[in-house]
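Work through the exercises below with the sequence and the model side by side. Each task sentence is followed by a solution that goes step by step.

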Amino acid sequence: MQYAELVAVYERLESTSKRLEKTFILSEFLRKADDEKVLLLAQGRVFPNWDQRELGMASKLLVKAISVASGASAERIEATWNATGDLGKAAAELVGKKSQATLFSQPLSCPKVFDNLRKIAEMEGEGTVDRKVQLVAELLTSAQPNEAKYVIRTILQELRIGLGEGTLRDSIVWAFFGSSTGAVYDKEKNELIVERQEEYDLAAVRVQEALDMLNDFVDVARKARLGVLEQVSVIPGRPVKAMLFQKAKDIVDGFSIVGKPAAVEFKYDGFRLQIHKSNGKIALFTRRLENVTAQFPDVVECVGKHVRGGEFIIDAEAVGIDAVSKKYLPFQSISQRIKRKYDIHELARLFPVEVNVFDVLFAGKSLLKSSFAERRKAIESMVDSVQYLIKPAEHLLTDDQAVAYEFYRRSLSAGNEGVMMKNLQEVYKPGSRVGFGVKVKPVMDTLEVVIVGAEWGEGKRGKWLASFIVAVRDDAGFVEIGRVGTGIKEKIEEGVSFDQLTQLLLPLIVSEDGRGVKVKPRVVIEVDYEEIQKSPTYSSGFALRFPRFVRLREDRAASDVNTREDLIRLADGQRGRGEQ
Ligand code: AMP
């Protein structure tokens, strides 16, 4: 397919804010596409969602590539960039103005764009910078101005076409199940009319389930086209969207949601690790599906020794334990292990973790449809119990409130967050926050929010970003709910510091305006607050009173943060914060 065809789709998508219309445009495109791989480019990616490889090219290098392709000086490119606020647009303008007409260059094709971008992501090490610049310049030289715009935006991972994962999923349903269910789009009314709604809804559920298992839009679109979605299952080696849990007010509420008897387990305050074994190799993924195998050689070794089975996927919480006192440590004390790229063995020695296995998705075959009681049995037969290293999560079967409460107290005094209560009959549902399990914890509600902007400090804080604009999720993206500056430290020894946050946010800046900056929504933090108030000041229509930084949540993605719906619910409830 020619890249121009894809760009025409990008332009149509960018020109409408209506979600249904976007879905329609994409579904038409997908139905006709000769290769579902274009779905990746439509997402602005070159690797599937579960593949962590990134293009990793700083805007400075892109300026260089634009300069090579257009002959314009870096200063001129930066001036145009400042004027338009979009390096993609700057490229379009300058590539369009290039003095030498490139009459003999080939029109850009999707595979060509794909290949060059993949090569960039695969190149590592010194001496590759020039080669990367060349690869981009090569694309820009053959590009029409509007094509150049999207090439640059793709590399910056900022397509700006307003395409969320929900729209992508719906477009797969529409493309491959639309005609069989009599789905028609009424553009005038912006309505989708479906003759056989139930069938259509069922297809939507199938597509979503397949996505949760495979995490790969291309793969799922292919299976949908072939009509073999029912055959999709989890594959060891390929991360699965984790099943999430609801919250219960207390033990009594917990029993009323999950039924009696229930499994009650320690809720460890660590981070979730999905542990895979396939072809003799062990791989570890975080809840955000990041591959962290290299960071945890200690876990790989202990899983290799103490978990039986040729191929499996298990769900576990890795929790830090004090190397000397052997007491559980809070998440923050080991969070640095997740991102660390060097001194890994040293860090493993200083900050050992204990692996608590609480679920199993695959053991020689898929166990997704097995009951939790059966899955727990499987865990107990697969996983050795080795103190301070690995074990099945602490677990109790009971229908007695007093017994469950006693267990809850025991969990808290061991340094855990609370307990999980689980329905014994239910299956494992990837990606869903279903009531098959609930968490009970005594702490007051905090919110998980993403930083979308910040302001440079004044005086002695002048070199740092010092006030952070935070947002929650909404259908349309992210909506702001307040500014946080309290709770962040000046010295790193005291906790998360301004300097640390500044370093995290600097590469994410997308625009600057006076002292304020806007950043890509990537850094997730947990905040405490006194109250949620209605307020016109922020785009959510709510503001947090006295928000306070609690901790960095490296284990969370922007797609995990709280939603505007949650705010509405919390603002309605505001049941005496801190009680429970
Ligand atoms: P939350 O992060 O507050 O939504 O709580 C759910 C998380 O608790 C899961 O994603 C796990 O990372 C963690 N967790 C700790 N212990 C358990 C357990 N026994 N069963 C399930 N999840 C657990």
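**Exercise 1. Determine how many cavities of 30 Å³ or more the model holds, and describe what lines them.**

Step 1. The count comes to two cavities of 30 Å³ or more, where a cavity is a set of points, on a 1 Å grid over the protein atoms alone, at which a 1.4 Å probe fits but cannot get out. Grid points are joined across faces, edges and corners, and a volume is the space filled by probe spheres set on the points. This is a predicted model, in which local features need pLDDT of at least 70 and side-chain atom pairs count only at pLDDT 80 or more, while totals for chains, interfaces and linings use all residues. Residues are numbered from 1 along each chain as its sequence is written, and side-chain values use heavy atoms, with hydrogens and water left out.

Step 2. The largest cavity has a volume of about 50 Å³, and its lining residues, which have an atom within 4 Å of a point, are Met243, Phe245, Asp359, Phe372, Arg375, Lys422, Asn423, Val427, Phe436 and Gly437.

Step 3. Helix H17 (372–382), strand E11 (418–423) and strand E12 (433–440) each supply at least two residues of this lining; helices (H or I, at least four residues) and strands (E, at least two) are DSSP runs, numbered from the N terminus.

Step 4. The lining of the largest cavity has five nonpolar, two polar and three charged residues, where Ala, Val, Leu, Ile, Met, Phe, Trp, Tyr, Cys and Pro count as nonpolar, Asp, Glu, Lys and Arg as charged, and the others, Gly among them, as polar.

Step 5. The second largest cavity holds about 40 Å³ of space, and strand E5 (residues 271–278) gives the largest share of its lining, three residues. Among the lining residues of this second cavity are Val240, Phe285 and Asp315.

**Exercise 2. Describe how helix H4 packs against helix H5.**

Step 1. Helix H4 (residues 59–70) and helix H5 (residues 74–84) pack at an angle of about 115°, with their axes 9 Å apart; axes are lines fitted to C-alpha atoms, for helices over the stretch in contact, and angles run from 0 to 180 degrees between N-to-C directions.

Step 2. Ser59, Val63, Ile66 and Ser67 in H4 meet Ala74, Ile77, Glu78 and Trp81 in H5, contact being heavy atoms within 4.5 Å. The residues of this contact divide into five nonpolar, two polar and one charged.

Key. 1 Å grid on protein atoms, 1.4 Å probe; cavity = no way out; pocket = protein on both sides within 12 Å on 5 of 7 lines; lining within 4 Å.
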